[in-house]
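I opened my notebook to get to know a new structure, looking up a few things at a time. Here is what I wrote down as I went.

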Amino acid sequence: MAQKRDIKIATPRGYVYTTTSKNGKVTARIQWAPGFGRRKGAAFMRAQEFVDSECLRYMNPLTPRRTGTLIKSGTLGTVIGSGSIEYLAPYARRQYYEHKEKARWFETMKASRKETILKGANRIAGE
């Protein structure tokens, strides 16, 4: 069955085509612009790096400290851009859940800084 193109919508991200067959069936197709995936992937990676580094920065004053080793273990154990913050200190887990004053410092940071971090990440990702 022969098809004809009915509508073509062009955007910087690519094209949307609709086609109608002889029996009236309409099909929509997306054709991404060359390089769009690579550019967006790079922007998302930069946004993830921003989120990781901002979380570490905002958690710093909330993290229990006696010598600063716990904070340094978070910096050393985290691969910026991986989306995972890890503390290398063997006592980190216990401190996170059982510290008298500063337990669950990530959750505390997230409650107060989530919107700021999301705004920055959206700006970097281009949304």
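**Entry 1: Trp-105 and its ring partner.** I started with Trp-105 in this predicted model. Is Trp-105 buried or exposed? Its relative accessibility is 2%, and because buried means under 20%, Trp-105 counts as buried. Next I looked up the aromatic pairs, and the structure holds five of them. In one of these, Trp-105 meets Tyr-87 edge-to-face, with 5.6 Å from centre to centre and 80° between the planes. I noted that this pair links distant parts of the chain: Tyr-87 is in the loop between α2 (69–77) and α3 (92–98), while Trp-105 belongs to helix α4 (residues 105–125), and the two are 18 residues apart. Tyr-87 has 21% relative accessibility, so I put it down as partly exposed.

**Entry 2: two tyrosines side by side in the sequence numbering.** Tyr-96 and Tyr-97 also form an aromatic pair. How many degrees lie between the planes of Tyr-96 and Tyr-97? I found 90°, an edge-to-face pair, with the centres 5.0 Å apart. I then checked accessibility for both: Tyr-96 is buried at 14%, whereas Tyr-97 is partly exposed at 41%. Ring pairs join Tyr-87, Tyr-96, Tyr-97 and Trp-105 into a cluster.

**Entry 3: charges over rings.** I looked for charged side chains over aromatic rings next. Lys-8 lies over the face of Tyr-15, 4.5 Å from the ring centre. Likewise, Arg-57 has its charged end over the ring of Tyr-58, at 4.5 Å from the centre.

**Entry 4: helix α1.** Tyr-58 led me to helix α1, where it is one of the buried residues. The helix covers residues 36–59, which makes 24 residues. What does α1 reach from its first C-alpha to its last? I noted 34 Å, close to the 34 Å expected at 1.5 Å a residue. Its buried residues also include Phe-36, Ala-43, Ala-47, Phe-50 and Cys-55. I was pleased to find some charged names on that list too, Asp-52 and Glu-54 among them. Which elements do the buried residues of α1 pack against? They pack against β3 (26–32), α2 and α4. A reminder to myself: an α-helix has 3.6 residues a turn, so residues three or four places apart point the same way.

**Entry 5: Ala-10.** Last, I looked up Ala-10, which is in strand β1 (residues 3–11). Its relative accessible area is 54%, so Ala-10 is exposed. Between Ala-10 and Trp-32 I counted 22 residues in sequence and 10.0 Å in space, C-alpha to C-alpha.

Key:
Residues are numbered from 1 along each chain as its sequence is written. This is a predicted model: local features need pLDDT of at least 70, side-chain atom pairs count only at pLDDT 80 or more; totals for chains, interfaces and linings use all residues. Side-chain values use heavy atoms; hydrogens and water are left out. Helices (H or I, at least four residues) and strands (E, at least two) are DSSP runs, numbered from the N terminus. Buried means under 20% relative accessible area, exposed over 50%, partly exposed in between (1.4 Å probe, protein chains only). Rings of Phe, Tyr and Trp (its six-membered ring) pair if their centres lie within 6.5 Å; planes under 30 degrees apart count as stacked, over 60 as edge-to-face and the rest as tilted. A charge sits over a ring if NZ of Lys or CZ of Arg is within 6 Å of the ring centre and within 35 degrees of the ring normal. The expected span of a helix is 1.5 Å times one less than its number of residues. Contact means heavy atoms within 4.5 Å.
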